[in-house]
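Student: I would like to test the labels on this model against their cut-offs. Can we go through them one at a time?

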Amino acid sequence: MKVAATLQVNGIAYPVELDPHTTLLRAVREDVGLTGSKEGCDDSECGACMMLLDGEPVNACSYLALQAEGREIVTVEGLARPGELSPLQRAFLDQGGVQCGFCTPGMLISATALLERTPVPSEDEVRIALSGNLCRCTGYDGIVKAVLAVAEG
């Protein structure tokens, strides 16, 4: 049995028909068509699927899409203007925070949430905020440097 719903993603309303057990990640990737958020572990362990829900990062692989109805969802695609990288995305590239790129969408979402609530975080605060996101390539230093560079302006 499908349920009609409207998901507000990156400022756009998307009418969808969802099975009640559909995750937010699957709905955004398959029904909305935004594939920036990745499915890594499908168990809320890696953070690759992270999205902002009313400004707070959530693991979209374990969050039901129907629970997000009426709330503002922001994906990695919503962090920048069309054709233009956000300062945080640019810093990830400049500071060597991107290698294979699989974790990058989730890292960007978690870092964005941190910078919204703590505009000038310490290195420890950055590391704690990113602790729900796994990266197997970068060793995290470039990612942390990127967040701190944006915070410093």
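Student: What phi does glycine 153 take, just after H5?
Tutor: In this predicted model, glycine 153 has a positive phi of about 85 degrees. Glycine 153 sits just after H5.

Student: How do you know that the reach of H5 is close to the one expected at 1.5 Å a residue?
Tutor: H5 covers residues 141-152, twelve in number. The expected span is 1.5 Å times one less than the number of residues. For H5 that gives 16 Å, and the helix reaches 16 Å from its first C-alpha to its last.

Student: Which residues of H5 are buried, and what do they pack against?
Tutor: Gly142, Ile143, Val144, Ala146, Val147, Leu148 and Ala151 are buried. The buried residues of H5 pack against H2, H3 (104-117) and H4 (123-129).

Student: What makes H3 "mostly covered"?
Tutor: The label buried needs under 20% relative accessible area. Twelve of the 14 residues of H3 are buried. Among them are Met107, Leu108, Ile109, Leu114 and Leu115. The partners of the buried residues are the strands S3 (50-53), S4 (56-59) and S5, plus the helices H2, H4 and H5. H3 reaches 20 Å between its first and last C-alpha, close to the 20 Å expected.

Student: Why is cysteine 46 not bonded to the closest cysteine sulfur?
Tutor: A disulfide needs two cysteine sulfur atoms within 2.5 Å. The closest cysteine sulfur to that of cysteine 46 is in cysteine 41, 3.8 Å away, so the pair is too far for a bond. Cysteine 103 is in no disulfide either. Its nearest cysteine sulfur, that of cysteine 135, is 3.7 Å away. By this rule the count is zero disulfides.

Student: Why is cysteine 46 called buried?
Tutor: The cut-off is under 20%. Cysteine 46 has a relative accessible area of 14%, so cysteine 46 is buried. Cysteine 103, at 10%, is buried as well.

Student: Why is leucine 85 called partly exposed?
Tutor: Buried ends at 20%, and exposed means over 50%. Leucine 85 has a relative accessible area of 40%, so leucine 85 is partly exposed. Leucine 85 lies in the loop between S5 (72-74) and H2 (87-94).

Student: What makes leucine 85 eligible for a surface patch?
Tutor: Patch residues need over 30% relative accessible area. Leucine 85 has 40%, so leucine 85 passes that cut-off. Leu85 forms a nonpolar patch with Leu93 and Val98. Together the three have about 230 Å² of accessible area.

Methods
Residues numbered from 1 in each chain as written. Predicted model: local features only at pLDDT ≥ 70, side-chain atom pairs only at ≥ 80, totals over all residues. Heavy atoms only, no water. Patch = residues over 30% accessible without salt bridge, like charges linked within 9 Å, V, L, I, M, F, W, Y side chains within 5 Å. Areas by Shrake-Rupley, 256 points an atom, 1.4 Å probe, with all protein chains shown as cover. Salt bridge = Lys/Arg side-chain N within 4 Å of Asp/Glu carboxyl O. Helix = DSSP H or I, 4+ residues; strand = E, 2+ residues; numbered from the N terminus. Buried < 20%, exposed > 50% of the residue type's maximum accessible area, 1.4 Å probe, protein only. Contact = heavy atoms within 4.5 Å.
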